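Q: Please take a close look at one side chain for me. Then follow the side-chain contacts outward from there, as I'd like to see how that part fits into the rest.

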Amino acid sequence: MRIFFLTAPYDIVKSGYGSNSKVKYGNQPPLGILYMVGELRRHGHECQLIDLATFPMSFEETVSRIKDFGADFVGISTMTPSAAGAFEVAKYVKNHLRLPVIMGGVHCTSFKETVLKEVEEIDAICIGEGEHT
């Protein structure tokens with residue numbers, strides 16, 4: 001199986017959730033997705049990841065990369081500050097590629113009752129540690 005992972009695009013300072021530390025120190029690597037990628041690769045799956053918070057690109061370019069990879073589905077990780085951006089990406093990907101979209105991360109775990117209601121383009125959510133779900 002070929003799985004394409006994305007982190008949601010966001011600016012933590014602009015969103016009001018963070019400080020200017022990103023400017024000095026950069027973003028932290030998306031460890032949750034990286035753990036999942038490691039586990040999936042260990043079981044023979046092919047994975048690709050784009051961290052849109054660190055390497056911003058247009059939705060068109062994102063969809064092009066997913067298509068070029070030949071993904072079977074797309075996984076998007078989000079925290080609460082990046083939820084709005086994650087929802088936008090999920091809608092765009094679903095409407096342009098018609099692939100299954102699975103969302104996970106802290107926001108989905110914390111607000112599991114509302115995420116699927118808020119965005120109908122999300123097919124499923126991952127709750128808790130994704131590599132164990």
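What is the relative accessibility of E46?

A: Happy to walk through it with you; please keep in mind that this is a predicted model. E46 has a relative accessibility of 42%, and therefore counts as partly exposed. To be called exposed, a residue has to be over 50%, and to be called buried it has to be under 20%, so E46 falls in between.

The partner of E46 is R2: their side chains form a salt bridge, with 2.4 Å from N to O. E46 belongs to strand β2 (residues 46-51) and R2 to strand β1 (residues 2-7), so this pair ties together parts that are 44 residues apart in sequence. R2, at 24% relative accessibility, also counts as partly exposed.

The model has 4 salt bridges by the rule used here. Among them is the one between E39 and R42, where N and O are 2.7 Å apart. This pair sits within helix α2 (residues 31-42); because E39 and R42 are 3 residues apart there, about one helical turn separates them. E39 is partly exposed at 27%, whereas R42 counts as exposed at 60% relative accessibility. Another of these salt bridges joins R65 and E61, whose closest N and O atoms are 3.1 Å apart. Here the setting is helix α3 (residues 59-69), and the spacing of 4 residues again means about one helical turn between the two. R65 has a relative accessible area of 38% and E61 one of 34%; R65 is thus partly exposed, and E61 is partly exposed too.

Back to strand β1, where R2 lies, and on to its aromatic side chains. F4 is in strand β1 and F69 in helix α3, so their pairing ties together parts that are 65 residues apart in sequence. The geometry of F4 and F69 is edge-to-face, with 5.8 Å between centres and 65° between the planes. Both F4 and F69 are buried. The model has 2 aromatic pairs, and F59 with Y92 forms a tilted one, at 5.4 Å centre to centre and 45° between the planes. That pair links helix α3, through F59, with helix α4, through Y92, across 33 residues. F59 is partly exposed, with a relative accessible area of 24%.

Now for the interior. In soluble globular proteins, nonpolar side chains tend to be buried together. In this model the largest nonpolar core has 28 residues, and the members that touch the most others are L6, I66, I76, V93, M103 and I122. Strand β1 is among the elements that give two or more residues to this core, together with α3, β3, α4 and β4 (101-104). Helix α4 provides the largest share, 8 residues. For a feel of the packing, take I66: beyond its neighbours within four places in sequence, I66 is in contact with F4, L6, A71, V74, V93, L97 and L99. A second core, separate and made of 6 residues, includes I33, V37, C47 and F73.

One residue of that second core leads to the cysteines. C47 counts as buried, at 7% relative accessibility. C126 is in no disulfide, and the nearest cysteine sulfur, that of C108, is 8.3 Å away. The cut-off for a disulfide is 2.5 Å between sulfur atoms, and by that rule the model has 0 disulfides. C126 is also buried, at 14% relative accessibility.

C108 turns up once more, in the surroundings of T78. T78 lies in the loop between β3 (73-77) and α4 (83-97). With 2% relative accessibility, T78 counts as buried. Setting aside neighbours within four places in sequence, its contacts are A8, A83, A86, M103, G104, G105, V106, H107 and C108. A polar atom of the T78 side chain lies 3.2 Å from the backbone nitrogen of A83. M103, which T78 contacts, is one of the core members that touch the most others.

To return to your starting point: E46 is a partly exposed residue, and its side chain is joined to that of R2 by a salt bridge.

Technical notes
Residues numbered from 1 in each chain as written. Predicted model: local features only at pLDDT ≥ 70, side-chain atom pairs only at ≥ 80, totals over all residues. Heavy atoms only, no water. Buried < 20%, exposed > 50% of the residue type's maximum accessible area, 1.4 Å probe, protein only. Polar contact = N/O pair within 3.5 Å; in protein donor to acceptor, adjacent residues only side chain to side chain. Contact = heavy atoms within 4.5 Å. Core = buried A, V, L, I, M, F, W, Y, C linked by side-chain atoms within 4.5 Å. Phe/Tyr/Trp six-rings, centres within 6.5 Å; stacked < 30°, edge-to-face > 60°.
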